[in-house]
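Please take me through this model in the viewer, stop by stop. Tell me what to select and what I will find there.

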Amino acid sequence: MNINVVVIGPHDLIDLVFKVADSYPEINLLPAPYNHEQETLDVVKKNINKADVLLFAGNIPYQIVKSHSITNIPMAFIQLTGTALYRTLFKVITETELNPLQTPLRISMDTLKKGEVDECLEELELHTHKIFLNTDKKVDELVNFHYQMWINKEIDVAITCVTSVYETLKSLGVLVYRVIPTKSTVRSTLQNVILERKSFLQRSTQIAVGVLHFNNLFTTNDVSEYRTKRKKAELQNLLIDFSEETQAIFDWSNRDEVRFVTTRGAIETLTRQYKKLPLLNNIAMKIEIETALGIGFGHTANEAEVNAREALSKAQSRTSSCFVVDLDGTVYGPVGQEKQLQYSLRSDDPFRMYLAKTSKLSIATINKLFSFCENFGNKGITALDLATGLGLTIRSARRILNTLERNKLAAITGEEQPIHRGRPRNLYEIYLLREHKNINITN
């Protein structure tokens, strides 16, 4: 079965991919060229329905699409490594009057990693006076990075990996060369594309089990049995619509609980990679029922249901929320909210294991705290903020903050006066992210 690969990038790099792809009969390439990286999203949206895999000519367009989460189909990009720099440096030497054997070069470069650049220069035995390296992913900043050094006469030549940066610098009169991928790099990327597609198909067919729990479906507040039956009928219609959309089968044999079985691919498509979940919103708005949904993935139905029950226990700590637990124990949620936690129930990170041991908090709690700080920040945090973010009681949140403070992993930095009467709330700064960078834990 052929794989439809949409190739996104400048015209010349797309041509290069087409030449190399001749030896891969299972790949059907579809060109999607742009003149500037800022056109990436529009180009992808026009071609996304044709693609099994999206292949980007560089990291910048790949990151643009990844940050907008507009698709869950596999994506790959052609990485530029130090080997691609050899040809560019050869052209600099042969096409200009610059002679690094006599006068060390002063070069500005972007995108490439320092270790790869140093290794390449060492193998070529090229002498450089100064290498200015920038790994920023914003085009305008890269242009400014090179151009300012050029007009200040700090460099002899600029080397870029980004086509639009190359074109802009060239128009400004800068001596600039572009690094383009080697055929061997394109070849290995195409092999990865084939593996990505196979992995995606296997992943998409994993079993997904969902457990939907109703908190107030049958209450004594209902005026009559008819109202209860209407409520149940409306809910059943919503469940039928959901099941049709996800090709799921559902069972409502339990009075307060619905269980459904579908595939991972169907869930990820419907939720746009856990960014939304209309089922819970519809139930809350149309029927005014508080619900909690746990979704679990597994290789078997039993494994998926165990994970779904774990996810449900986390969802029940909030109002009308959904959590997902993956095969490896990674937790995602609350699904549909702008800021989500993503953490593992397990960890083999030495620093996190050290924190858990010294603070006597569980690994899952430590991982939750890292995810909280990454998503919500680590300054000006109250116990209420932490309780809301982690789905805990205020009492549990205070206990965690006190534990962190006692272990010098957090500190009180101020107070917040509540809008209504009450005691001032302590404001904390959590040091987990900082300490992770500064502390080296060894066995």
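Start with helix 4 (residues 83-95) and helix 5 (residues 114-124). Helix 4 passes helix 5 in a right-handed crossing. This is a predicted model, so read each stop as such. Now show the axes of the pair: they come within 10 Å and cross at roughly 55°. An angle of that kind, neither under 35 degrees nor within 65 to 115, counts as oblique, and helix 4 is therefore oblique to helix 5.

Which residues make the contact between helix 4 and helix 5? On helix 4, select Leu-85, Tyr-86 and Leu-89. On helix 5, add Val-117, Cys-120, Leu-121, Glu-123 and Leu-124. Colour the selection by character: seven residues are nonpolar, none is polar and one is charged.

**Next stop: a hairpin**

Select strand 10 (residues 249-254) and strand 11 (residues 257-263). They pair in the antiparallel sense, over four bridges. Two residues form the hairpin link from strand 10 to strand 11. Put Phe-250 on display, then look across to strand 11: Phe-260 stands opposite.

**Next stop: Thr-291**

Go to strand 12 (residues 291-298) and pick Thr-291. Is Thr-291 buried or exposed? Its relative accessible area is 0%, so Thr-291 is buried. Now show what surrounds Thr-291, leaving aside neighbours within four places in sequence. One set of contacts is Leu-212, His-213, Phe-214 and Asn-215. Leu-280 and Ile-283 also touch Thr-291. Thr-319, Ser-320 and Ser-321 complete the list.

**Last stop: helices 15 and 16**

Select helix 15 (residues 383-390) and helix 16 (residues 394-406). Their axes lie 8 Å apart, and the packing angle is about 110°. The two helices are therefore roughly perpendicular to each other. The crossing of helix 15 past helix 16 is right-handed.

Show the side chains at the contact. Helix 15 brings Ala-383, Leu-384, Leu-386 and Ala-387. They meet Ile-394, Ala-397, Arg-398, Ile-400 and Leu-401 in helix 16. Here the residues divide into eight nonpolar, no polar and one charged.

Stay on helix 15 and select its buried residues: Ala-383, Leu-386, Ala-387, Gly-389 and Leu-390. What do the buried residues of helix 15 pack against? Strand 15 (341-344), helix 14 (363-376) and helix 16 are the partners. Finish on Gly-391, just after helix 15, where phi is positive at about 70°.

Note on methods. Residues are numbered from 1 along each chain as its sequence is written. This is a predicted model: local features need pLDDT of at least 70, side-chain atom pairs count only at pLDDT 80 or more; totals for chains, interfaces and linings use all residues. Side-chain values use heavy atoms; hydrogens and water are left out. Axes are lines fitted to C-alpha atoms, for helices over the stretch in contact, and angles run from 0 to 180 degrees between N-to-C directions. Angles under 35 degrees count as roughly parallel, over 145 as roughly antiparallel, 65 to 115 as roughly perpendicular and the rest as oblique. A crossing is left-handed if the near helix is turned anticlockwise from the far one by less than a right angle, and right-handed if clockwise. Contact means heavy atoms within 4.5 Å. Ala, Val, Leu, Ile, Met, Phe, Trp, Tyr, Cys and Pro count as nonpolar, Asp, Glu, Lys and Arg as charged, and the others, Gly among them, as polar. Buried means under 20% relative accessible area, exposed over 50%, partly exposed in between (1.4 Å probe, protein chains only). Two strands pair if DSSP finds at least two bridges between them.
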